[in-house]
Amino acid sequence: MTYSYKTIRTSVGVLKLVASDRGLAAVLWENDDPERVRLAPLSEARNHPVLLEAEHQILDYFAGKRRKFSLKFDFKGTDFQKEVWQALATIPFGETRSYAQIAAQIGRPKAVRAVGAANGKNPISIVVPCHRVIGSNGKLTGFAGGLETKASLLRLESRNAR
């Protein structure tokens, strides 16, 4: 399968949007570890309908006009990872959950570390809001876009949640 991509500029930097004809497959950071999300081959397609809609919705999110995304996803991962990513997609705008809460939500309360690992492999950053997952102690923990970006996304949502 060939994936299409386009890049967009946002307040948190340049993002690479990647899609198949089935849906959005990834939102990657400018300095993303190439081993974190492996999708190939990629070909640039600025007018791919999935990418255009993803761009529109992501830019609306950053402009404070969107709280919820309505995109189809084309997740590539293990069944467990997909289960975690689907759980992430249920976290409401402006709220956070702990890794333990996500583990309990998927019926695997002892799989906190595995949930953390799956969260770190989430290919669809921002749209599937892994930035809304924090440590049980309330501290910000790892994020592919960096902790400063994670804090920025949470502040943006906090301001626009009111």
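**View 1. Strand β2 is mostly covered.** Let us start with strand β2, which runs through residues 13-19 of this predicted model. Of its 7 residues, 5 are buried. Keep this strand in mind, as it comes back in several of the views below.

**View 2. Strands β1 and β2 make a hairpin.** Strand β1 covers residues 3-10, and its pairing with β2 is antiparallel, with 7 bridges. You can find one of the partnerships by looking for Ser 4, whose bridge partner in β2 is Ala 19. Between the two strands of this hairpin there are 2 residues.

**View 3. A second hairpin joins β2 to β3.** On to strand β3, made of residues 24-29. Here, too, the pairing with β2 is antiparallel, this time over 5 bridges. Try locating Leu 17 and then Val 27 in β3, since Val 27 is the bridge partner of Leu 17. How many residues lie between β2 and β3 in their hairpin? There are 4, and the turn holds Gly 23, which has a positive phi of about 155°.

**View 4. The largest pocket has a volume of about 230 Å³.** This close-up shows the space of about 230 Å³ in the largest pocket. Its lining is made of 13 residues, and those nearest the centre are Lys 16, Leu 28, Trp 29, Asp 32 and Leu 42. Two elements, β2 and β3, each give two or more residues to this lining. Which of the elements gives the most? The answer is our familiar strand β2, with 3 residues. By type, the lining of the largest pocket holds 8 nonpolar, 1 polar and 4 charged residues.

**View 5. The second largest pocket has 13 lining residues.** Among these 13, the ones nearest the centre of the second largest pocket are Lys 68, Phe 69, Ala 89, Ile 91 and Arg 132. The volume of this pocket is about 200 Å³. Its lining divides into 9 nonpolar, 1 polar and 3 charged residues.

**View 6. The largest nonpolar core has 40 residues.** Inside this core, the residues with the most contacts are Ile 58, Phe 62, Val 84 and Leu 88. At least two core residues come from each of β2, β3, α1 (49-62), α2 (79-88), α3 (99-105), α4 (112-120) and α5. Helix α1 supplies the largest share, 6 residues. Apart from this core lies another, of 8 residues, including Tyr 3, Ala 25, Ala 26 and Val 37.

**View 7. Phe 62 has contacts in several parts of the chain.** Leaving aside residues up to four places away in sequence, Phe 62 touches Thr 10, Ser 11, Val 12 and Leu 15, as well as Ile 126, Leu 153 and Leu 156. Phe 62 is also one of the residues with the most contacts inside the largest nonpolar core.

**View 8. Leu 147 lies in helix α5.** This helix spans residues 147-160. Why does Leu 147 count as partly exposed? Leu 147 is placed in that class because its relative accessibility is 43%, and partly exposed covers the range between under 20% for buried and over 50% for exposed. Apart from residues up to four places away in sequence, Leu 147 touches Leu 140, Thr 141 and Gly 142. For a sense of distance, find Asn 47, which is 100 residues from Leu 147 along the chain. The C-alpha atoms of Asn 47 and Leu 147 are separated by 32 Å.

Terms used: Residues numbered from 1 in each chain as written. Predicted model: local features only at pLDDT ≥ 70, side-chain atom pairs only at ≥ 80, totals over all residues. Heavy atoms only, no water. Buried < 20%, exposed > 50% of the residue type's maximum accessible area, 1.4 Å probe, protein only. Pairing = 2+ DSSP bridges. Contact = heavy atoms within 4.5 Å. 1 Å grid on protein atoms, 1.4 Å probe; cavity = no way out; pocket = protein on both sides within 12 Å on 5 of 7 lines; lining within 4 Å. Points joined across faces, edges and corners; volume = space filled by probe spheres on them. Nonpolar A, V, L, I, M, F, W, Y, C, P; charged D, E, K, R; others polar. Core = buried A, V, L, I, M, F, W, Y, C linked by side-chain atoms within 4.5 Å.
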